[in-house]
Amino acid sequence: MTPSSAKDRELPEISPSELDAQIQRGDAPTLVDVREPHEREIADLPDLGQLRIPLPEFLQRMSELDPDEPVVLYCRSGSRSGWATRQLLAKGYRKVWNLRGGLLGWKQEVDPSIQEY
């Protein structure tokens, strides 16, 4: 497939249900929260040792991520983490996924008790 194909332009995503299944199996990828610190006080995924890299710091800190390890990025709705996922893909990372729908998707598919904001 050529780099200009439609498939290569698609954002790799993982559904909240798929991520939850990985977590339940003890096979959680590296999670990266790109939200602002105050957002974590409102709602978050289960504590799995997430890396906290707010989006304004992402380009400077993306080297903290191992390009050989699976990484799932998330934010509130999936937009900011989608941007961050594209940045990693552009730098040659291949095992990266955006959490589809972000925390709002997680609330809808996995844990309805998460506070919406």
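**Strand pairing, cores and a helix contact**

Val32 stands opposite Leu51 in strand S3, a strand being a DSSP run of E with at least two residues, just as a helix is an H or I run of at least four, both numbered from the N terminus. The model described here is predicted, with local features needing pLDDT of at least 70 and side-chain atom pairs pLDDT 80 or more, while totals for chains, interfaces and linings use all residues. Residues are numbered from 1 along each chain, and side-chain values use heavy atoms, without hydrogens and water.

S3 (residues 51–52) runs parallel to S2, joined to it by two bridges; pairing requires at least two DSSP bridges. S2 (residues 30–33) also pairs with S4 in the parallel sense, over four bridges, and here Thr30 faces Val71.

Turning to the interior, the largest nonpolar core has 14 residues, of which Val32, Val34, Phe58, Leu65, Leu73, Leu88 and Val96 touch the most other members. Such a core joins buried Ala, Val, Leu, Ile, Met, Phe, Trp, Tyr and Cys residues through side-chain atoms within 4.5 Å, buried meaning under 20% relative accessible area with a 1.4 Å probe, protein chains only. S4 (71–74) and helix H5 (79–90) each supply at least two residues, and H5 gives the largest share, three. Apart from this core lies another of twelve residues, including Ile14, Leu31, Leu103 and Trp106.

Trp106 also appears where helices H2 and H6 meet, together with Gly105 and Glu109 of H6 and Pro16, Ser17, Leu19, Asp20 and Ile23 of H2; contact means heavy atoms within 4.5 Å.

Conventions. Buried < 20%, exposed > 50% of the residue type's maximum accessible area, 1.4 Å probe, protein only.
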